[in-house]
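Please open the structure in your viewer and keep the selection tool at hand, since this tour moves from one selection to the next and describes what is found at each stop.

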Amino acid sequence: MSISSTHASGRRRLPLILAAACSTAGLLALSAPTASAVTPLIATATYNCGTWGSGLATLTAADNGTTKTIKITSSAITMPAGTSADPNSITTTLKLTKTVGGVTSQVQFSAKTNPGMSGGNPITLGPLKLTSGTLAAGNSTNSVVLPTPPSSTNWSLQIVASSPTSATVPCVATSVQSASHVW
């Protein structure tokens, strides 16, 4: 086999390899979920969490095309002095109103995701995943405003700490969000 015949054979394979690579990339692009924009990404609302405090909380939404999430942070709502939470030891559930074409229902986001925290630390909860209900493009969500005081049957946000401190903390939203999240 001469050098020229090997080289010519390599040139014939190159278009086939390129065609296969382009076909594979095209199939992956068609099957990959597309990220959806949530607007605005960040909204605020006030919550009353009893002994954990009351005040402004930031709700940061994200939608990667397959998973819709909300992360909650607040420097006004804190773990009480003398308490602590290990990483990923707090189950958080957030209720939101969902509006579609003037019809309102509820959706819930929930997860057991948090950094380690101790008394006086601002809360960081989530990201919480959509676990109840559905959200489609154009649906909007907002805080579920309820009368105070929060209780085991009256809550918009529920925080259940399990290690080392055990506590169930119901919270009520006392205001709607600064802007609805539109998915």
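What follows is a walk through a predicted model, beginning with its confidence values and ending at a single serine.

**Stop one: colour by confidence**

Begin by colouring the chain by pLDDT, which averages 87 over the protein, with 80% of the residues scoring at least 70. Then select residues 1-6, where pLDDT stays under 50 and where the model has one contact beyond four places in sequence. Select residues 16-33 as well, a stretch in which the pLDDT is below 50 and which has three contacts in the model beyond near neighbours in sequence.

**Stop two: the largest nonpolar core**

Now turn to the largest nonpolar core, which holds 31 residues, and select Tyr47, Ile70, Ile72, Leu94 and Phe109, the members that touch the most other members. To see where this core draws its residues from, display the strands that each give two or more residues to it, among them strand S1 (42-48), strand S2 (54-63), strand S3 (68-78) and strand S5 (90-100). The list of such elements also includes strand S6 (103-111), strand S8 (122-132), strand S10 (157-161) and strand S11 (167-173).

**Stop three: the disulfide**

Next, show the side chains of cysteine 49 and cysteine 171, which are joined by a disulfide with an S to S distance of 2.1 Å; the count for this model comes to one disulfide. The pair links distant parts of the chain, for cysteine 49 sits in the loop between S1 and S2 while cysteine 171 belongs to strand S11, 122 residues apart. If you rotate the view to look along the bond, the link between cysteine 49 and cysteine 171 is right-handed, with 115 degrees about the S-S bond. Are these two cysteines buried or exposed? Cysteine 49 has a relative accessible area of 1% and is therefore buried, and cysteine 171, at 0% relative accessibility, counts as buried too.

**Stop four: serine 110**

Finally, select serine 110, which lies in strand S6. Its relative accessible area is 18%, and because buried means under 20%, serine 110 counts as buried. Leaving aside residues up to four places away in sequence, serine 110 touches Thr91, Thr92, Thr93, Leu128, Lys129 and Thr131. Which backbone oxygen does the side chain of serine 110 reach? The side chain of serine 110 reaches the backbone oxygen of threonine 92, at 3.0 Å. As a last step, draw a distance between the C-alpha atoms of serine 110 and leucine 125, which are 15 residues apart along the chain and separated by 9.7 Å.

Terms used. Residues numbered from 1 in each chain as written. Heavy atoms only, no water. Core = buried A, V, L, I, M, F, W, Y, C linked by side-chain atoms within 4.5 Å. Buried < 20%, exposed > 50% of the residue type's maximum accessible area, 1.4 Å probe, protein only. Helix = DSSP H or I, 4+ residues; strand = E, 2+ residues; numbered from the N terminus. Disulfide = S-S within 2.5 Å. Contact = heavy atoms within 4.5 Å. Polar contact = N/O pair within 3.5 Å; in protein donor to acceptor, adjacent residues only side chain to side chain. pLDDT = per-residue confidence, 0-100.
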